[in-house]
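User: Please introduce this structure to a newcomer, and justify each term that you apply.

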Amino acid sequence: MADEAKAKGNAAFSSGDYHSAVRHFSDAIAIASTNHVLYSNRSAAHASLHNYSDALADAEKTVELKPDWSKGYSRLGAAYQGLGRYDDAISAYKRGLEIDPSNEALKSGLADAQAAAGSSRSRAAPPPSNPFGDVFQGQEMWAKLMADPTTRSFLQQPDFVRMMQDLQKNPSSLNLYLKDQRVMQALGVLLNVKLHTPGQDAGFEAATEAESPPANKPDKKPAKEPEPVPESEPGPMDISEEEREVKEMKAQAQKEKEAGNAAYKKKDFETAIQHYTKAIELDDEDISFLTNRAAVYLEMGRYEDCIKDCDKAVERGRELRSDYKMVARALTRKGTALVKMAKCSKDYEPAIETFQKALTEHRNPDTLKKLNEAEKAKKELEQQEYFDPKLADEEREKGNECFKEQKYPEAVKHYSESLRRNPEDARAYSNRAACYTKLGALPEGLKDAEKCIELDPTFSKGYTRKGAVQFFMKEYDKALETYQEGLKHDPNNQELLDGVRRCVEQINKASRGDLTPDELKERQGKAMQDPEIQNILTDPVMRQVLIDFQENPKAAQEHTKNPMVMNKIQKLVSAGIVQIR
C-alpha cells in the first residue's frame, strides 16, 4: 500500500502536479511513518510549491530518521535556501558533503547558496536622485553651518533646522526650499561659494552645487535555486508492464521530435510535420510537439493550421499544468500567425490580445517586441485608413474660424481632427500651438511648435510659436535662440525680430540687477530645476571659474576671453544665479 501511494506521488511529481504528489506521499507516510525516503520526496514536492516551511519540516524529519543519508541534507539545504536562510543552507550542504564528498548535487547546491548569500550581503542602495545630495550628508554639514557667522544664527531657528534635517534625509526635496533665502545662503556656505540673494551688494556672486556621486552598480541576480527532484529508494525499483510501455512510447516520441527538428532545420517541412504528428500520437502529454508543428505551419504560410495547433497546445497545457513558458510560446506563435493574416487595422486586435495573454504567462522580450510591433503597425494602418488631406484642410479652416472668435477649446478640437486626417501638416501644428498658448497649456504648445519645425524647418511661424511659449515660460535664453534660428530662414520677419528684442530686454534686466526680490526668487528657483543650469554648476571647471571671479581678478580676466565660458556665465546671469556689477 505504501509503495503504491509512493509510486503515484512520483508520477504526479514527474507530471508537475505537485499538490497531488504531496497528497500521495502523505498517504504513504501514514502507512510507513519511518520511511525516510517518503519524507524526502514530500519535502521536494513542498519546495516545488514554494511551501519552504513544510519542506524544511520534512527535510529535518528525513535527517532525523537517517542522519547518514546525504540526500536528506540536500533537501535541508534547498528548504533553507528557499526561506532565504543562506547560512543555514550552506551549513546543511557542507554536512552532506562530509558524508558524500563527491556528491554533485550537494556541491552545486552549496555553490548556489554561497552565491545567493554573497549577493544578499552586497545588495547596494539605489543611487541618489538629486545631483547635489552629497553636500547635505553627515555631521560635516552641521560643522560648516556652525562655523559660518551667518548660518550659525540660523541654527537657533527650529524651522530652519527642520528644513536642513529634511534635506539630509531627502536631498531631492531641495527645490521645495529654494525660495527660502536661508537655505540659499546655507547652500553657498556648504559649497564654499558666496550665493547671490536679494539685498546683497557683492561684486560677483554665484550659487554652485556639489557634483553628484556615481550611481551604484546593480546587484547581481541571486543564484537560481535548483528544482528538487524526488528521491527513490536506493537500488532498482520495479515498474509495471504498463508503465514500461508508456516510458518506451515517450522515448520514441522524443526521437520523432528530434527527427522533426532535423528536418525543420533542412527546411524539409513536410517530413518535419510527419515526425511531429507521429510524436503527438505517441505522447499527448508534451505540448512541445504541437508548438513545433505550429512553427512548421507558420513557415509554410498555413496560418489557420498553425493557430489550431497553438490553441490545442494552450488547452492541453492548462489541463496538464505544463510549464507556463510553453503555454506562452504557443500564444506568441498564434499571435505571430494572426499578424501575418492581418489586412486592416482591426485584424491586428486579436493578435495584440494574444500577445498580451502570452505576456501574462511569461514576460518574454521577444513577445514584448512582437506586441510593440503589432501595436505600431495597427496605429500606422489606422492613420493610413483615416488619411484624407481634403477633409484635413476643411477641419483646419474650421479651427481658424473658431480661433478668430476666441473659441480656443473648439479650435483645438478642429485642429486635432485635421492632424488625424493629415499628420504631416505643419500649419495645423502651428495653429494648435497658438491655441494652447492662449489657453495657458504651455507644455502642449511647445510640443506642437517643435513638431511644426520638425516637419518644415523653413516655416517661420513654427519659430515664432516656439519662441512665444518659451518666453511665457520665462526661459528667455532659449526663446532668444529660437528666434535667432528662425531669422536664419526669414531674416526680415518682424515677429521674430520683435521676439529677439523682448528677450534681450529681459536678459539685460537680470544683468543690471533690476529684478525685484520676488522676481529673483522665482527665476533662481526655476533655474535650479533646469538640467542645463545644473550641469554648469556641477562642472568642476566652471566651479573654479566662479571662485576665480570672486577671489582672483587676474584669472577672471583670462576667463572672459573664452567664448564658451562666457556663454555659460551669461546663462547663469540670465537665470539670476550670478550677478556682475
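User: Why is Arg 432 called buried?

Analyst: A word on the source comes before the answer. This is a predicted model, in which local features need pLDDT of at least 70 and side-chain atom pairs count only at pLDDT 80 or more, whereas totals for chains, interfaces and linings use all residues. Residues are numbered from 1 along each chain as its sequence is written, and side-chain values use heavy atoms, with hydrogens and water left out. Buried means under 20% relative accessible area, exposed means over 50%, and partly exposed lies in between (1.4 Å probe, protein chains only). Arg 432 has a relative accessible area of 13%, so this residue is called buried.

User: How do you know that Arg 432 and Asp 448 form a salt bridge?

Analyst: A salt bridge requires a side-chain nitrogen of Lys or Arg within 4 Å of a carboxyl oxygen of Asp or Glu. The closest N and O atoms of Asp 448 and Arg 432 are 2.5 Å apart, and the pair therefore qualifies. Because Asp 448 belongs to helix H22 (residues 442-455) and Arg 432 to helix H21 (residues 426-439), the bridge ties together parts 16 residues apart in sequence. Helices here are DSSP runs of H or I with at least four residues, strands are runs of E with at least two, and both are numbered from the N terminus. Asp 448 has 4% relative accessibility and is likewise buried.

User: What makes Glu 361 and Arg 318 a salt bridge?

Analyst: Their side chains meet with N to O at 2.9 Å, which satisfies the limit for this term. Glu 361 lies in helix H17 (residues 348-361) and Arg 318 in helix H15 (residues 303-320), so this contact connects parts 43 residues apart in sequence. Glu 361, at 22% relative accessibility, is partly exposed, and Arg 318, at 47%, is also partly exposed.

User: What separates Arg 501 and Glu 505 along their helix?

Analyst: The two residues are four apart in helix H25 (residues 494-511), which means that about one helical turn lies between them. Their closest N and O atoms are 3.4 Å apart, which is within the cut-off, so they form a salt bridge. Arg 501 is partly exposed at 42%, as is Glu 505 at 43%.

User: How many salt bridges does the whole structure contain, and which residues are linked in a network?

Analyst: The search finds 36 salt bridges. Asp 393, Arg 396, Glu 397, Asp 425 and Arg 427 are linked in a network of them.

User: Why are Glu 242, Glu 243, Glu 245 and Glu 248 called a patch of negative charge?

Analyst: Asp and Glu count as negative, Lys and Arg as positive, and His and the chain ends are not counted. Patch members have over 30% relative accessible area and no salt bridge, and like charges are joined within 9 Å. The four Glu residues gather on the surface as such a patch. One of them, Glu 242, is in helix H12 (residues 241-265), and its 62% relative accessibility makes it exposed.

User: What makes the phi of Arg 321 and Gln 406 worth a remark?

Analyst: Most residues other than glycine have a negative phi. Arg 321, which is not a glycine, has a positive phi of about 55°, and Gln 406, also not a glycine, has one of about 65°. Arg 321 sits in the loop between H15 and helix H16 (324-341), and its 53% relative accessibility counts as exposed. Gln 406 occupies the loop between helix H19 (389-404) and helix H20 (408-421), and at 59% this residue is exposed.

User: Where does the UniProt record place "repeat: TPR" and "domain: STI1"?

Analyst: The unreviewed entry in UniProt gives "repeat: TPR" at residues 70-103, 253-286, 392-425, 426-459 and 460-493. It lists "domain: STI1" at residues 138-177 and 530-569. UniProt positions follow the numbering used here, feature names are shortened, and annotations may be inferred rather than shown by experiment. In the model, residues 426-459 are 82% helix and 0% strand, with end C-alpha atoms 8 Å apart. Residues 70-103 are 79% helix and 0% strand, with their end C-alpha atoms 8 Å apart. For residues 530-569 the figures are 85% helix and 0% strand, and the end C-alpha atoms lie 15 Å apart.

Definitions and conventions: Patches are made of residues with over 30% relative accessible area and no salt bridge: like charges are joined within 9 Å, nonpolar side chains (Val, Leu, Ile, Met, Phe, Trp, Tyr) within 5 Å. Accessible areas come from the Shrake-Rupley method with a 1.4 Å probe; for residues, only the protein chains shown count as cover. The place of a charge is taken as NZ of Lys, CZ of Arg, CG of Asp or CD of Glu.
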